[in-house]
Amino acid sequence: MTRGLYGATRKAAGSMDRWLRRVSADTAAPPEEAPEPVEPPVSQDLLDLLRHLGVALIRSGETTTRVQDILDDLARRYDVDEVHFFVLPTGVFVRVQDSRGSAVDLLEADSDTLRLDQIAALYRLIDDIKTHVPPPAEATAQLARILTSPQPTPVWRLLLGNVVLTVGLGLMLNPTSNALLGYIVLGLVVQLLLMAADRFRLLSTGLPVVAGALVTLLSFGFPNALGGGNPSQLLIPSVSSLLPGAALTNGSIELATGSMVAGASRTIYGFNKLLLLAFGILIGLQLLGTLPSAKPAHGGGLGWWTPVLGVLLIGLGHSWRASAPKKSLGWLLIVLYAAFCGQQLGQQLHGGGLLGSFLGGMIAVPVAYLVQRSNDAPPTQVVFLPAFWMLVPGGMGLTGVSELVTKNDPNGLHVIVNAVLTILAIAMGVLVGSGLVSSTRRPRLENMVEDWLGPDTGRHAAGGAPETQRTTGSSEPGSASQSSQ
C-alpha cells in the first residue's frame, strides 16, 4: 500500500510539474525579432550639391541631356546609385528611390547666363569633385562662392567689349567703312541698356523691345550719319548681344536627341525673343513716321581681309564683355577661326550658308576638345560658346520677322525658313562634332561580319563555338540612361 501511495504521489507531482512548465511557457513574453537593417539615407548635402550644380550647368549653356550625364557621373563618384534626375531649362528635379519609398526635390534655374570666368571655375570644380570627391557641403560652399563672385571686369571694358564685338560682326556681315561709326555708337548704346537692365527689373523684362526700338530710331533717324545711307545694315550687328542664337541651337539639339519638352521650350523662348526684337523695330519705325530717303553709299567697301579681322574683333569683344579667364583669348580665337574656316569652306563648295553653318558647327566642337587637352587651356564650354556669336544663327530670322511686320513682304517668310534651316544646320553640325569626339565604340572586323552575315556566321568562320545573339539595346559601360524631357 505504501508503495502504491508513493507511485500515485510521484505521478501527481510529474503532472503538476508539466502543467507549471506549460503555463510558464504560455505566459512568457515572445522573443523580440531582430530589427531589419536600416539603409543609409542619401545625404541631404549631396542632394543640395547636385541640384545646385545642375542649375549652374544650365546657366552655363549646356544642353539638358549633357547636364543629366554630368550629374549621373557625379552621383556615382559619391557611390550613390538610387538618385535620378529630370533636367529642364528652368529647373532640375531630383528623385531618390529605395526600398522605403521615393522622394522628389527640385531647384529652379535663372535665365541669366554665367560669365565665362564663372563657367571656367564651375568646370574646374567639377573636375576636382571627380578627382578628390570632397565633402558635399564643402563643394556646395565653393560653388556658392563662384556664383556670387563679383564682376571682375571694369565698366569701361564692358562698354568697349560690346563696341568691339559689334564692329567685328559688322565687318563680317557688311564690311563697309561707312557703317563703322554706326556700329560704334549703337554698340555703346546697347551695352548701356544691358547694364541698366541689370539694375531695373522692369527694363530687363522689356529689354528686347526697348533695344529694338532705340536702335531703329538711331539707325533710320540718322541714316547718312550712322549707316552711310543704308540704315538696315546696322540692325543685326547692333542687337547681336540680344539674339537667342545659343537658345535656338540648343533647342534644336535637344529636339533632335529626344528631349522634347526642353527642346520645345528653348525653341519657343528663342523665337519669342526674336518677335520681341521685331516688335521693337516696328515701334521705332512707327515713331519715326515717314522715313527719310536712304541713299546707299557708293564705294566704301573694304578688302577681303575684313572678315578675318572681324573674327579677331569678335574674340576680343566677347572675351571682354563676358569676362573671359586670363590667358584664354588665344584658345578662344583658335576655335573661332576654325569655325570661320569651316563656314568659308562650305560657301566655297557652293553649298551656300547652310553647308557653311553645318561645317562651322561640326569643326568647332572637336577643336574645342583638342584645345582642352592643353594644361593651361580653359574648359571646352568657355572656348565653344563664342562660336555662337560668330555664326549668328538668329540674325536672318530677325530680319525676316521685321520684314513681315513692317512691309508685309512675302520674301520675309523665305528668310525665316532659311534662318530655321541655318539653325538646324548648326545644331546638326554640333551633334556630328560631338559624336566624333565622344564616341567610345571603335569598329571591329568581327562586329562588322556579324552585322552583315549574322551572329553565328562570324563565330563559325573563326572556328569557335556558336555564340548567343547579343542584345542590341544594352547600354555601354558608364553610359547613363536619357529621359525624354
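**From a loop residue to the cores**

Asp79 is found in the loop between helix α3 and strand β1 (83-88); helices (H or I, at least four residues) and strands (E, at least two) are DSSP runs, numbered from the N terminus. The model is predicted, so that local features need pLDDT of at least 70 and side-chain atom pairs count only at pLDDT 80 or more, while totals for chains, interfaces and linings use all residues. Residues are numbered from 1 along each chain as its sequence is written, and side-chain values use heavy atoms, with hydrogens and water left out.

The phi of Asp79 is near 60 degrees, a positive value in a residue other than glycine. Most residues other than glycine have a negative phi. Asp79 is exposed because its relative accessible area is 69%; exposed means over 50%, buried under 20%, and partly exposed in between (1.4 Å probe, protein chains only). Val133 also has a positive phi, of about 50 degrees, although it is not a glycine. This residue lies in the loop between α4 (116-132) and α5 (136-147), and Val133 counts as partly exposed because its relative accessible area is 32%.

Just before Asp79 comes helix α3. Helix α3 (residues 64-77) has 14 residues and spans 20 Å from its first C-alpha to its last, close to the 20 Å expected at 1.5 Å a residue; the expected span is 1.5 Å times one less than the number of residues. Because 10 of its 14 residues are buried, α3 is largely enclosed by the rest of the structure. Among these buried residues are Val67, Ile70, Leu71, Asp73 and Leu74.

Asp73 leads to the charged pairs. The structure holds 6 salt bridges, a salt bridge being a side-chain nitrogen of Lys or Arg within 4 Å of a carboxyl oxygen of Asp or Glu. Side chains of opposite charge can pair when their charged atoms come close. In one of these bridges, the side chains of Lys130 and Asp73 meet at 3.6 Å, N to O. This pair links distant parts of the chain, with Lys130 in helix α4 and Asp73 in helix α3, 57 residues apart. Asp73 counts as buried because its relative accessibility is 17%, whereas Lys130, at 26%, is partly exposed.

Asp117 forms a salt bridge with Arg115, with the closest N and O atoms 3.0 Å apart. Here Asp117 is buried at 18% relative accessibility, and Arg115 is buried at 15%. The side chains of Arg266 and Glu254 likewise meet in a salt bridge, at 3.0 Å from N to O. Arg266 belongs to helix α13 (residues 260-288) and Glu254 to helix α12 (residues 245-256), 12 residues apart; both residues are buried. In addition, salt bridges that share partners join Asp48, Arg51 and Asp105 into one network.

A polar residue of the interior is found in helix α7 (residues 180-197), namely Gln191. Gln191 counts as buried because its relative accessibility is 6%. Leaving aside residues up to four places away in sequence, Gln191 touches Leu158, Leu159, Asn162 and Arg321, contact meaning heavy atoms within 4.5 Å. Gln191 and Val239 are 48 residues apart in sequence and 9.6 Å apart in space, C-alpha to C-alpha.

The nonpolar interior comes next. In soluble globular proteins, nonpolar side chains tend to be buried together. The largest nonpolar core has 67 residues, and those with the most contacts inside it are Leu53 and Met390; a nonpolar core is a set of buried Ala, Val, Leu, Ile, Met, Phe, Trp, Tyr and Cys residues joined through side-chain atoms within 4.5 Å. Beyond its neighbours within four places in sequence, Met390 is in contact with Leu169, Met172, Val311, Ile314, Leu336, Ala339 and Phe340. A second, separate core of 30 residues includes Tyr183, Leu186, Leu226 and Leu242.

On the surface, Leu354, Val417, Val420, Leu421 and Leu424 form a nonpolar patch with about 350 Å² of accessible area together. Patches are made of residues with over 30% relative accessible area and no salt bridge, like charges being joined within 9 Å and nonpolar side chains (Val, Leu, Ile, Met, Phe, Trp, Tyr) within 5 Å. Helix α20 (residues 411-438) gives the most to this patch, with 4 residues. Leu424 is placed in helix α20 and counts as partly exposed because its relative accessibility is 38%.

For the protein as a whole, the secondary structure comes to 22 helices and 3 strands. Of its 485 residues, 44% count as buried. The protein exposes about 26,100 Å², of which carbon and sulfur atoms supply 60%; accessible areas come from the Shrake-Rupley method with a 1.4 Å probe, and for residues only the protein chains shown count as cover.
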